[in-house]
Amino acid sequence: MEEKWKSKNVEAKYKDLNSSIKIKCNVAKEKWINQNCLEIEQKLNKDSKFMHAKIEDVSGKKIKCSSLGCIKSKDGTMLTEKSEILNRWSEYVEDLFKDDRCKKPKIKKNIESPTILKEEVEAAIKKMKNGKATGPYNIPVEIIKALDNLGIDLTTKRLNAIDDSGRFPEGLCKSVFIVLPKTPGAAECEFHRTISLMSHFTKILLRVLVHRMRKSIRPEISPKQFGFMPDKVTRSAIFTLSMLMERCIEMQKDLHLCFIDYSKAFDKVRYVELFRMLEKLDIDGKDLRVIRNLYWNRTEGELKENILISNPSKEV
């Protein structure tokens with residue numbers, strides 16, 4: 001660079017040096033990008049936080065969504081008082097999860113199944129990621145992991161007590177409800193993501209149940225399903241679609257695509273119908289009983305009071 005500035009008055013030499021510097025910069029940039037992409041691939045299924053941070057670093061796009069600190073009512077009036085905002089969120093959540101349902105369905109299957117094994121609990125705990133939100137009890141999963149065998153034994157004993165009795169403690173049915181804005185300065189409830197934080201103990205139990213039900217549920221999932229399936233991530237579907245589009249362009253053929261985006265689809269799952277589908281599968285009656293008691297009694301706290309959630313879909 002110093003030589004370049006010294007040659008500023010010599011036009012031909014200056015242009016050559018400038019061109020050489022640009023080439024070297026491009027080579028260095030490409031090398032840096034390739035190195036970062038390699039690190040992203042290595043951390044693909046191991047450290048999601050590192051992967052996303054690297055992607056932001058390489059792309060240079062760091063968008064932070066923040067809320068205005070106020071929210072609009074149903075009629076569009078801007079609410080600024082904390083009590084009014086909490087009332088509005090309570091109203092919105094109750095409408096969002098509204099699901100007219102009957103009483104708790106009776107379990108038609110035999111209430112018998114193997115006890116929850118220590119190995120099942122240990123595998124579930126190992127799959128839990130560190131640094132996650134603690135939920136209503138403020139107990140991080142790191143504490144459970146730090147207890148090692150003692151924590152596994154105590155957790156297994158408690159889970160078996162719940163599994164045998166079918167009674168889910170009221171505290172474990174409670175979740176902390178938070179919202180995150182989808183866009184910067186979002187003022188409408190609809191432009192926020194509704195997230196429910198449950199206790200890690202509940203997550204461990206649900207992971208055990210999911211693992212047990214997987215053999216019965218997997219055959220019912222379409223082979224065309226991408227996302228939430230092992231070795232079938234959404235980027236594979238996007239890549240396949242891109243190849244199909246390129247091929248159609250080359251062959252000068254028409255291609256018709258239909259994209260359907262359901263608004264708040266996960267929050268509006270009809271639990272009664274979902275429970276009926278589970279009954280048709282080869283799932284133990286004891287596991288069905290635990291699922292029923294957990295989801296039928298679910299409440300959301302930390303707004304102004306406990307809110308009974310009538311459409312209680314949970315992610316594990």
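## Salt bridges, core and surface of a predicted model

With a relative accessibility of 25%, Glu188 counts as partly exposed, because this value falls between the limits of under 20% for buried and over 50% for exposed. The structure described here is a predicted model, and Glu188 offers a way into it, since the side chain of this residue meets that of Lys72 in a salt bridge, with 3.3 Å from N to O. Glu188 lies in the loop between β3 (174-181) and β4 (192-197), whereas Lys72 belongs to strand β1 (residues 71-72), so the pair ties together parts that are 116 residues apart in sequence. The points below set this contact beside other salt bridges, the largest nonpolar core, helix α11 and the surface.

**Salt bridges**

- Lys72, the partner of Glu188, likewise counts as partly exposed, because its relative accessibility is 26%.
- Across the model, the count of salt bridges comes to 11.
- Another of these contacts joins Asp287 to Arg212, where the closest N and O atoms are 3.8 Å apart; this pair links distant parts of the chain, with Asp287 in helix α11 and Arg212 in helix α8, 75 residues apart.
- Asp287 and Arg212 are both buried, whereas Glu188 is partly exposed.
- Glu250 and Arg247 also form a salt bridge, their closest N and O atoms lying 3.4 Å apart, and because the two residues are 3 residues apart in helix α9 (residues 234-250), they are separated by about one helical turn.
- Glu250 itself counts as exposed, because its relative accessibility is 57%.
- Through salt bridges that share partners, Lys74, Arg88, Glu91 and Asp95 are joined into one network.

**The largest nonpolar core**

- The largest nonpolar core has 34 residues, of which Val121, Leu159, Phe168, Ile204, Leu205 and Leu209 touch the most other members.
- Six helices, namely α5, α6, α7 (148-165), α8 (200-217), α10 (271-280) and α11, each supply at least two residues of this core, and α8 gives the most, with 7 residues.
- Helix α8 therefore appears in two settings, as the element that gives the most residues to this core and as the helix that holds Arg212, the partner of Asp287 in α11.

**Helix α11**

- Helix α11 (residues 285-296) has 12 residues and should span 16 Å at 1.5 Å a residue, which agrees with the 16 Å between its end C-alpha atoms.
- Since 12 of the 12 residues of α11 are buried, this helix is largely enclosed by the rest of the structure.
- The buried residues of α11 include charged ones such as Lys286, Asp287, Arg289 and Arg292, as well as Leu288, Val290, Ile291, Leu294 and Trp296.

**Surface and cysteines**

- On the surface, Tyr137, Ile139, Ile143, Leu147, Leu150 and Leu154 form a nonpolar patch, which together has about 560 Å² of accessible area.
- Within this patch, Tyr137 lies in the loop between α5 (118-127) and α6 (141-146) and counts as partly exposed, because its relative accessibility is 41%.
- The count of disulfides comes to 0.
- Among the cysteines, Cys25 counts as partly exposed at 45% relative accessibility, whereas Cys258 is exposed, with a relative accessible area of 66%.

How values were computed
Residues are numbered from 1 along each chain as its sequence is written. This is a predicted model: local features need pLDDT of at least 70, side-chain atom pairs count only at pLDDT 80 or more; totals for chains, interfaces and linings use all residues. Side-chain values use heavy atoms; hydrogens and water are left out. Helices (H or I, at least four residues) and strands (E, at least two) are DSSP runs, numbered from the N terminus. The expected span of a helix is 1.5 Å times one less than its number of residues. Buried means under 20% relative accessible area, exposed over 50%, partly exposed in between (1.4 Å probe, protein chains only). Patches are made of residues with over 30% relative accessible area and no salt bridge: like charges are joined within 9 Å, nonpolar side chains (Val, Leu, Ile, Met, Phe, Trp, Tyr) within 5 Å. Accessible areas come from the Shrake-Rupley method with a 1.4 Å probe; for residues, only the protein chains shown count as cover. A salt bridge is a side-chain nitrogen of Lys or Arg within 4 Å of a carboxyl oxygen of Asp or Glu. A disulfide is a pair of cysteine sulfur atoms within 2.5 Å. A nonpolar core is a set of buried Ala, Val, Leu, Ile, Met, Phe, Trp, Tyr and Cys residues joined through side-chain atoms within 4.5 Å.
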